[in-house]
Amino acid sequence: MSRRQRLTLFSVVALGLSGFVLWAMTDLRSFGDYAGTYGVLLNKVGVSERHASNVVGAIVFDFRGFDTLGEEFILFSSVMGVAFILRSSLKIKDQRPLDAVSNDATRTVGGLMVPIVLIMGLWLAAYGYVTPGGGFQGGVAIASAAVLVWTATSYRAFARLTPAPTLDAIEGAGAAAYVVVGLVGLGLDGAFLANFLPLGTAGTLASAGSIGLLNWASAFEVAAANILLYREFFQEYVQTFPGVREER
Amino acid sequence: MILQLISFTAVMVLGVLVVLSFDPLRQVMVNGVFGLSLVVLFVVLQAPDVGLSELVVGTVAFPLVLLATIARTKETQRPK
């Protein structure tokens with residue numbers, strides 16, 4: 001197909017598509033006009049029935065907890081997929097690249113940021129159902145702390161700090177714990193993922209019942225899954241590092 | 001209202017800039033700024049949970065995976 005033909009085809013399709021989009025947009029509700037009843041209802045019962053001051057947390061880990069279970073396993077299986085695909089291209093098993101950081105600023109600021117990001121991640125996860133945040137956000141932030149270890153020091157330090165077997169175990173245990181909490185709810189209250197713990201006082205850490213357990217289960221799973229993901233990509237990256245191939 | 005207008009415009013402009021940058025390395029960097037504008041938009045629209053998700057994924061996980069991939073593929077493309 002020549003350039004002219006391609007342009008003609010494109011302009012016809014683009015014109016038609018933009019016509020449809022504009023037509024669809026004429027019938028849109030005005031910005032901020034919310035007509036759903038489910039959201040209004042959840043906003044009301046989030047605090048009164050679940051004692052969770054972050055209603056989003058109550059939705060994610062209670063009202064729609066089953067959806068989150070699915071999302072957990074999406075992450076779980078995608079990390080497994082990445083590990084499978086990338087492992088095949090890995091010829092040298094234990095590489096020892098000399099990638100120690102020589103830049104003082106990177107080393108100092110990176111090193112300082114590690115505990116800050118780690119505590120921020122733990123805080124986001126711990127207060128997930130009290131203030132904005134939650135297991136997912138906290139977990140990714142904790143994994144970011146591990147990335148900063150690599151940024152500030154070297155791949156060797158990062159690899160030593162994050163042994164794959166331990167991470168595999170944490171990831172699996174986190175995903176399994178979510179299912180177990182759901183099954184306990186099924187056994188005690190007759191519904192999968194039913195909230196079975198005492199609800200406590202809203203606005204404190206001792207609130208929201210078993211939402212806290214599910215929150216931590218997903219925090220561990222997400223943190224471990226992300227670090228495992230980074231490990232795979234770092235291994236690919238260090239293969240390209242100068243001096244790696246000469247060493248072995 | 002004015003904050004919403006500013007953040008929506010920033011998302012629009014930066015989104016176009018991501019598409020218009022042809023060098024993958026530069027694209028990753030522009031995409032980071034684009035992600036930051038999304039964070040601002042979510043906070044302005046009172047969705048801090050989504051903002052936090054975008055913040056942690058958009059600033060660390062996504063660029064990291066892309067940068068590692070760019071580094072790896074550049075190596076294999078280089079003629080021996």
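**Reading a two-chain model, step by step**

Me: I'd like to start with one residue. Is B:Gln46 buried or exposed?

Reply: Count its neighbours. A residue is exposed if 12 or fewer other C-beta atoms lie within 10 Å of its own. B:Gln46 has 8 other C-beta atoms within 10 Å, so it is exposed. Keep in mind as we go that this is a predicted model.

Me: Where in chain B does B:Gln46 lie?

Reply: Look at the stretch between helix H2 (24–44) and helix H3 (48–77) of chain B: B:Gln46 lies in that loop.

Me: What is there to notice about the phi of B:Gln46?

Reply: The general idea first: most residues other than glycine have a negative phi. B:Gln46 has a positive phi, near 60°, although it is a residue other than glycine. Chain A has a positive phi to look at too: A:Gly190, just after H8(A), takes one of about 80°.

Me: How many helices and strands does chain B have?

Reply: Chain B comes to three helices and zero strands. Following the sequence, you would read this as α-α-α.

Me: How do I read the overall form of chain B?

Reply: Try the radius of gyration against a reference. For a compact globule of 80 residues the value would be near 12 Å, while chain B has 15 Å. Then look at the box filled by its C-alpha atoms, which is roughly 55 × 25 × 10 Å along the principal axes. Burial adds to the picture: 18% of the 80 residues in chain B are buried.

Me: And what about confidence?

Reply: Where pLDDT is low, the predicted coordinates should not be read in detail. Chain B has a mean pLDDT of 86, with 92% of its residues at 70 or more. The model as a whole scores ipTM 0.80 and pTM 0.80.

Me: How many residues does each chain bring to the contact?

Reply: Chain A brings 18 residues and chain B brings 14. On the side of chain B that touches chain A, 10 residues are nonpolar, one is polar and three are charged.

Me: Let's move to chain A. How do I read the length of a helix there?

Reply: Set its end-to-end reach beside the span expected at 1.5 Å a residue. Helix H8 (residues 164–189) of chain A has 26 residues and reaches 37 Å from first C-alpha to last, close to the expected 38 Å. Helix H6 (residues 135–152) of chain A, with 18 residues, reaches 26 Å, close to the 26 Å expected.

Me: Which residues of H8(A) are buried?

Reply: Among them are A:Leu167, A:Glu171, A:Tyr178 and A:Val181. For H6(A), 17 of the 18 residues are buried, so that helix is largely enclosed by the rest of the structure.

Me: Why does A:Gly128 count as buried?

Reply: The cut-off is 20 or more other C-beta atoms within 10 Å. A:Gly128 counts as buried because it has 31 C-beta neighbours inside 10 Å. You will find A:Gly128 in the loop between helix H5 (104–126) and H6 of chain A. Leaving out residues up to four places away in sequence, A:Gly128 touches several residues, including A:Asn54, A:Gly57, A:Gly135 and A:Asn215.

Me: Where can I see distant parts of chain A brought together?

Reply: Follow A:Gly212, which lies in helix H9 (residues 211–239) of chain A. A:Gly212 is buried, with 23 C-beta neighbours inside 10 Å. Its C-alpha is 8.1 Å from that of A:Gly128, 84 residues apart along the chain. The C-alpha atoms of A:Gly212 and A:Gly135 are 9.2 Å apart, with their places 77 residues apart along the chain.

How values were computed. Residues numbered from 1 in each chain as written. Chains lettered and ligands numbered in written order. Predicted model: local features only at pLDDT ≥ 70, side-chain atom pairs only at ≥ 80, totals over all residues. pLDDT = per-residue confidence, 0-100. Contact = placed C-beta atoms within 7 Å. Nonpolar A, V, L, I, M, F, W, Y, C, P; charged D, E, K, R; others polar. Helix = DSSP H or I, 4+ residues; strand = E, 2+ residues; numbered from the N terminus. Expected span 1.5 Å × (residues − 1). Rg over C-alpha atoms; globule rule 2.2 N^0.38 Å.
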